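Please open the structure in your viewer and keep the selection tool at hand. The tour moves from one selection to the next and says what is there at each stop.

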Amino acid sequence: TQVVEKKSIEKTQVVEKKTRKKSEYPKLDGYKFQVLFGAMNYLSMFPSFVFAPWLWAKVFMVDYETAMTAEATKSIQGVFLCLLVVVTPSYVMALNDKNALFIDVSVVQRCTVVFLGVILTALTGQDPFPGYNMCLVMTAVDIGGGFGHAFSHPKGFSGAFKGVYALFKNTPINAHNKALRVEAYVGMTFGGMACIYAAIVSDVMMSIMMALVSTFVFYLWVWFNAVNLSETCWKTLSSHRVLVAASLLFMSEVYDFGVMNIVFRLMAVNLLLAIGSPYFGAISSGVGTLVLYKMACDFVLTVDKGGFYWCSLWGLLTVISSYVWIWLFYDDYDEKQKKRAMSWVYVTCGVVTALITVVLPTYAFYAVCAAVGSSSLGFGVENTFKFVLFHGMLFIFHSGLWMIFASSGIPEMGDHPKIRAFPPYVPPGFFGVFRCRPHNCIPVHKVDLATGAICMFFGVFFCDDGANLSQNKSFKIAVGLAWAYSVFAKLRLHIQDYGYIPSTPHTSTPIQAVKKKGE
């Protein structure tokens, strides 16, 4: 009797659970059906265009004989192939109940990143048709369909966006999903750089949309697998990676999309390496991002005022992304999440400090040395411009290194042991022995910077290759006096502050340790 009652209770609980699910999502079937319809469309677009391009000419409302050129046909085939291999499998898998939340992701990506991709395609003139016919069709069907799909959400238009926002707060359920999340975020960075590269460097039609779908959209699917609270099937995701990688290599080696081939090849390498470990894919994506950035830099430097607009673009993107991140996430974080976020802020500050004090001055000093020659350091050089420029840069370079030695050292870049592994912590002042008070170092450092800037500024007015020997001598005397003052000020400061022990609790030096032990 007890066994029968137990089975009856379990059966009742199962029925109640199913009923509760149905009542919670009364329109879920219709919401899902649109994903099935979209999957069928993306599945049929590429083969139908290959075998019946004249039919698609009617869809795009263009003349088949004149508008469907070889270049236009190839670019459209590239976009449709990316949609086939990237989007279709994810839509099909979203029909499974455990992946149902990806429907929200698909809606949001169509209303945001894909919409932005269409706008950039039109602005950069990459539409294959003169009248922007393809952009208009994509806006009406894909973007309009995305907004329509959002309105059919069981919880209203904002339901899909709230669903994606809730996914952001999820913590991966296991180590593999954590690795997937790292791969996804680094991969999205690679995808963003690929789209910028396609917009600026590429002259291939529809290259922005090909880059967007083949990189960023795929990594959105990887991200969903990372934060979705269910087990990720390694075989299924690996098969998807192989399919996309093979298609991208086909596009680069068979179709040959010119400057876009590097994007497809790098993405294929990312996907294949990620099969072994998502961390391998993340490392490859990071390297690929730097490669594309370098190639884009080389291109913009050949364009008039390209460097100015390039730097302005990245400054704007940095500011916007920072404020968007704070607006979206930080205020709703719990204390643990805020601590983790601030840890990454410390890492960022550490990286920036290293850049502005070590990396960039070192590179600038090297560039000046390469330009004017190391012989310009000597007081016997006859070229005033080279002499003053070299010494001006040397003032700035050595003063930054001195500040690290005397004041800051190399601080730890965060709280986590993995983050603190490199660069290693180096205390200032030769392990605290020659450390100076940071406040006292600032005036000396300011004088060095001002001296270096003044030397370089006035040096540009004397590009006469040493024709005026009296002015050459005057500048050499002035620079020599400046060096004498700089050395004297630093020695005086080190003698004055010898044995200085900072009062900050987290700072630990050998002298401070001895003092604490004695106390």
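What follows is a set of stops, each beginning with something to select.

The model is predicted, so local features are described only where pLDDT is at least 70 and side-chain atom pairs only at pLDDT 80 or more, whereas totals for chains, interfaces and linings use all residues. Residues are numbered from 1 along each chain as its sequence is written, and side-chain values use heavy atoms, with hydrogens and water left out.

**Helix 11**

Begin by selecting residues 207-227, which make up helix 11; helices here are DSSP runs of H or I with at least four residues, strands are runs of E with at least two, and both are numbered from the N terminus. Helix 11 has 21 residues and spans 30 Å from its first C-alpha to its last, close to the 30 Å expected at 1.5 Å a residue, where the expected span is 1.5 Å times one less than the number of residues. Centre the view on Val-213, where helix 11 has a kink of about 35°; the bend at a residue is the angle between axes fitted to the seven residues ending there and the seven starting there. Of the 21 residues in helix 11, 21 are buried, buried meaning under 20% relative accessible area, exposed over 50%, and partly exposed in between (1.4 Å probe, protein chains only).

**The nonpolar patch**

Next, select Val-269, Leu-273, Phe-280, Ile-283, Val-287, Val-291 and Met-295, which form a nonpolar surface patch with about 580 Å² of accessible area together. Patches are made of residues with over 30% relative accessible area and no salt bridge, like charges being joined within 9 Å and nonpolar side chains (Val, Leu, Ile, Met, Phe, Trp, Tyr) within 5 Å. The areas come from the Shrake-Rupley method with a 1.4 Å probe, and for residues only the protein chains shown count as cover. Helix 13 (261-276) and helix 14 (278-300) each supply at least two residues of this patch, and helix 14 gives the largest share, 5 residues. Val-269 belongs to helix 13 and, with 42% relative accessibility, counts as partly exposed.

**Salt bridges**

How many salt bridges does the model hold? The count comes to 5, a salt bridge being a side-chain nitrogen of Lys or Arg within 4 Å of a carboxyl oxygen of Asp or Glu.

Select Asp-142 and Arg-110, whose closest N and O atoms are 3.2 Å apart in one such salt bridge. This pair links distant parts of the chain, with Asp-142 in helix 8 (residues 133-151) and Arg-110 in helix 6 (residues 102-111), 32 residues apart. Asp-142 counts as buried at 16% relative accessibility, and Arg-110 counts as buried at 12%.

Move to Arg-265 and Glu-253, a salt bridge in which the closest N and O atoms are 2.8 Å apart. Because Arg-265 lies in helix 13 and Glu-253 in helix 12 (residues 234-255), the pair ties together parts that are 12 residues apart in sequence. Arg-265 is partly exposed at 36% relative accessible area, and Glu-253 is partly exposed at 49%.

Then pick Lys-294 and Asp-298, which form a salt bridge with closest N and O atoms 2.7 Å apart. The two residues are separated by about one helical turn because they are 4 residues apart in helix 14. An α-helix has 3.6 residues a turn, so residues three or four places apart point the same way.

**Cysteines and a contact across the chain**

Select Cys-436 and Cys-441: why is there no bond from the sulfur of Cys-436? The closest cysteine sulfur, in Cys-441, is 4.6 Å away, which is too far for a bond, a disulfide being a pair of cysteine sulfur atoms within 2.5 Å. The disulfide count is 0. Cys-436 is buried, at 0% relative accessibility. Add Ile-495, in helix 21 (residues 469-496), whose C-alpha is 9.0 Å from that of Cys-436 although the two are 59 residues apart along the chain. Ile-495 is exposed, with a relative accessible area of 68%.

**Two loop residues**

Most residues other than glycine have a negative phi. Finish with Met-61, in the loop between helix 3 (53-59) and helix 4 (64-67), where phi is near 60°, a positive value. Met-61 counts as exposed at 63% relative accessibility. Asp-256, in the loop between helix 12 and helix 13, has a positive phi near 60° and is partly exposed at 43%.
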